[in-house]
Amino acid sequence: MARQRPRWTELREVLQLRRPTLNPVERRLGAALTIGDLRAVAVRTTPRAVFDYVDGAADAELTARRNRAAFAAAELVPEYLSPVDHPDLSTRLFGREIAMPLIFAPTGYTRMMHHEGEAAVARVAARHGLPYTLSTVGTSTVEDVAAAAPGGEHWFQLYLTRNERLNEELLDRALAAGFTTVVLTVDTPVAGRHPKDMRNGLTIPPSLTLRTLFGMARYPSWALNKLTTAPITFASLSGMSGTSGDTIDAVRVADVVFEPTLSYEHLAWLRAHWPHRLLVKGILSPRDARRVVEAGADGVIVSNHGGRQLDRTPATLTVLPEIREELGPDATVILDSGVTHGQDILAARALGADAVMIGRAYLYGLMAGGERGVERAVTILREEYARSLQLLGLNASEAIARHHLRMP
């Protein structure tokens with residue numbers, strides 16, 4: 001074979017070198033192609049105890065692994081020869097259009113992961129036309145979130161207590177701040193047992209170990225941001241009174257979050273006092289789904305708390321079809337727990353979910369790079385979802401049907 005000297009003009013077309021990214025956060029996020037990549041960045045940028053709080057689950061973490069295994073087992077069945085050049089990712093939820101079937105789940109301690117906290121997440125959600133859910137034990141108030149993302153659709157996750165005055169005040173503040181939906185969490189009669197958090201001292205109330213404190217000190221940027229911004233508190237409960245009249249603090253917040261007497265009477269009270277949409281989160285059985293809808297809920301969130309409460313429960317994807325069948329086509333059904341890929345959204349839609357919730361997926365992004373990291377997480381999921389729709393041969397979220405998925 002005849003040889004020739006390489007010509008620079010030919011090499012220049014092949015060697016399209018990237019300009020180096022000087023900003024370290026942008027460099028890390030730019031290299032992250034999956035939620036797993038963001039998780040790997042979060043390990044390097046966040047104290048181990050904080051990362052364990054996000055990444056860990058209850059007891060042997062069987063449920064958390066089952067959630068992911070169920071999505072991994074799902075088989076997508078494509079149909080081709082249909083135009084898919086501009087897929088419509090949007091869907092309708094409660095009669096309103098959202099940009100894609102994705103909702104930001106409530107998470108506690110959010111400003112512990114990154115000092116920008118809930119405000120950063122709410123801003124990203126608003127930019128993408130997606131609902132954001134603030135937790136009762138979030139580190140920002142409903143007023144903070146409304147001010148940070150005034151154009152967003154905000155939901156409020158409620159831990160209902162025996163203190164009617166406290167419940168009313170939380171609802172009144174959410175209503176005044178323009179929140180459209182209340183999410184009642186029902187799978188927390190007592191706290192799940194988290195061995196990793198117990199060893200690290202990240203419990204309610206905190207009891208940090210020396211090892212945990214030394215571990216945090218190894219991340220000076222994280223520590224400096226915590227020391228130079230407002231103290232981390234359960235903001236919605238700060239300054240409010242509990243059943244004894246004493247101000248709720250970190251020691252007594254467990255009395256609010258974990259309520260062993262929660263019953264259908266509480267749900268009836270909530271339905272009578274909240275004028276807008278009401279969802280019940282933590283449903284894993286068709287019977288419970290039917291009962292809460294008959295009691296006045298506008299829909300259910302099929303959730304096992306990401307494996308953080310009762311271990312050995314079924315994966316949410318496996319019980320989703322039964323719950324959809326029990327409720328019929330009209331009730332709102334949202335799937336939570338284990339969603340880390342755009343194809344997980346496809347699988348949930350095929351099995352009857354109107355939308356999915358993400359928690360850990362965006363927290364990995366938050367730990368990796370604050371608001372920019374959350375933005376990267378949503379971009380990854382959106383691109384995966386859009387490409388998978390096209391590869392499935394579908395041009396819209398509304399075109400996903402049961403026959404596009406096989407479960408072993």
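Which residues line the largest cavity? Before I answer, a word on the basis of this talk. This is a predicted model, in which local features need pLDDT of at least 70 and side-chain atom pairs count only at pLDDT 80 or more, while totals for chains, interfaces and linings use all residues. Residues are numbered from 1 along each chain as its sequence is written, and side-chain values use heavy atoms, with hydrogens and water left out.

A cavity is a set of points, on a 1 Å grid over the protein atoms alone, where a 1.4 Å probe fits but cannot get out; lining residues have an atom within 4 Å of a point. Grid points are joined across faces, edges and corners, and a volume is the space filled by probe spheres set on the points.

The structure holds 2 cavities of 30 Å³ or more. The largest cavity, with about 40 Å³ of space, is lined by Tyr 159, Leu 160, Thr 185, Thr 188, Pro 189, Val 256, Val 257, Glu 259 and Leu 262. Its lining comprises 6 nonpolar residues, 2 polar and 1 charged. Here Ala, Val, Leu, Ile, Met, Phe, Trp, Tyr, Cys and Pro count as nonpolar, Asp, Glu, Lys and Arg as charged, and the others, Gly among them, as polar.

The second largest cavity has a volume of about 30 Å³. Among the residues lining it are Arg 96, Glu 153 and Arg 277, and the full lining divides into 5 nonpolar, no polar and 3 charged.

I turn lastly to a helix (a DSSP run of H or I, at least four residues, numbered from the N terminus). In α4, residues 48-55, 7 of the 8 residues are buried, that is, under 20% relative accessible area with a 1.4 Å probe, protein chains only. They include Phe 51 and Tyr 53. Among the elements covering the buried residues of α4 are α3 (35-45) and α18 (360-392), by contact, meaning heavy atoms within 4.5 Å.

Notes:
Buried means under 20% relative accessible area, exposed over 50%, partly exposed in between (1.4 Å probe, protein chains only). Helices (H or I, at least four residues) and strands (E, at least two) are DSSP runs, numbered from the N terminus. On a 1 Å grid over the protein atoms alone, a cavity is a set of points where a 1.4 Å probe fits but cannot get out, and a pocket is an open set with protein on both sides within 12 Å along at least five of seven lines; lining residues have an atom within 4 Å of a point.
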